[in-house]
Amino acid sequence: MSKPSEPILYSFSDSGTLIKDLAAFIEKAQREAIADHGRFVLALSGGSLPKMLQALIGNENIQWEKWRVLRTTPLVYFADERVVRLDHPDSNYKLCQDELFSKISGTSKPNIRAINIPHIIKKALEEETSDDGSPKRTIQTPQEIDDFLKDLPGWLLEELSNEYERDLLGQLGRSKWPVLDLILLGMGPDGHTASLFPGYPWQPEDEGYWVRPVENSPKPPPKRITLSLGAINHARKVAFVATGAGKQDMLQRILDNQDEELPSATIKPETGALYWFVDDAAAGKTQYARTQFSP
């Protein structure tokens, strides 16, 4: 196995330039993927990341129609998702819709693969039928769904994770690992990324799973699903976006010290490339070599 390539660090003096050049980077990754295999498969995190993608809106070089295979086939996935209603304020799906995808005009929009909440509601009700075969309860109103998801048993959380993985398998083929064209990640102040948290049993290689359930996240909401470390590390490109002085210490530990107690430091694409898009405030302590961005 070849050694993963070294991270490439781009540091920007202001957020406007970072946002503009990040869009140029995504456009290039899209162009290369479409030229190679006719489509572009992307995974996104939530948090502050979707706001950093605003330069994609109205960008005539972005071929949204290629961010899928067929009109009914989703090609935008989530690197992680909170197990909440899709219209809940904590939902990464809602965040990405509000900040990015709802603002794309025209009909050539990417389809977004959300977690399948109706699937696990159906599974739960099937397990709880009365003697006459009728459901023992309803799970329909927002409050009923919230209550159901809050107390979601582990087997249903596992089923939700497996269902998301099955969709990836159907799209990307039944190889050992998925190969997404680009995964865009953020980094938390504790060094977590996606829903891989320090101290949580997320390694090594997640025993071959592409998607894993997280039952007791240290950051609310506690129930989540996440791409596994192995799945992330088999992407063609992975790019972190981190801004603000609050990220200085973690960025130094990751890039200078390679502190693998931090999940973000274990992101090392095996055959792909790793990039960091940061502002000068976030890069204030790291001595890692900067690279001048060139689209």
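This tour goes through two sheets, and the helix that packs on each, in a predicted model.

Begin with the sheet of 6 strands, which is open and parallel in its pairing and follows the order S1-S9-S8-S5-S2-S3. Select strand S1 (8-12) and strand S3 (76-78) to see its edges: each of these has a single partner strand, so one side of each is left without a neighbour in the sheet. If you look across the strands, the twist from one to the next averages 20°.

Stay at the S3 edge and add strand S2 (residues 42-44), which runs parallel to S3 and is joined to it by 3 bridges. To see one such pairing, display Leu44, whose bridge partner in S3 is Phe78. Now select helix H1 (residues 15-37), which packs on this sheet and touches S1, strand S5 (182-185), strand S8 (237-242) and strand S9 (273-279). The direction of H1 makes about 160° with that of S9.

Move next to the other sheet, where 3 strands in the order S4-S7-S6 form an open arrangement with antiparallel pairing. Strand S4 (80-82) and strand S6 (211-214) are the edge strands, each pairing on one side only, and the twist averages 15° from one strand to the next.

Within this sheet, select S4 together with strand S7 (residues 224-227), since the two pair in the antiparallel sense over 3 bridges. Display Asp80 here, and you will find its bridge partner in S7, Thr226. Finish with helix H5 (residues 154-172), which packs on the sheet by touching S6 and S7, and whose direction makes about 160° with that of S6.

Definitions and conventions: Residues are numbered from 1 along each chain as its sequence is written. This is a predicted model: local features need pLDDT of at least 70, side-chain atom pairs count only at pLDDT 80 or more; totals for chains, interfaces and linings use all residues. Side-chain values use heavy atoms; hydrogens and water are left out. Two strands pair if DSSP finds at least two bridges between them. Helices (H or I, at least four residues) and strands (E, at least two) are DSSP runs, numbered from the N terminus. Axes are lines fitted to C-alpha atoms, for helices over the stretch in contact, and angles run from 0 to 180 degrees between N-to-C directions. Contact means heavy atoms within 4.5 Å.
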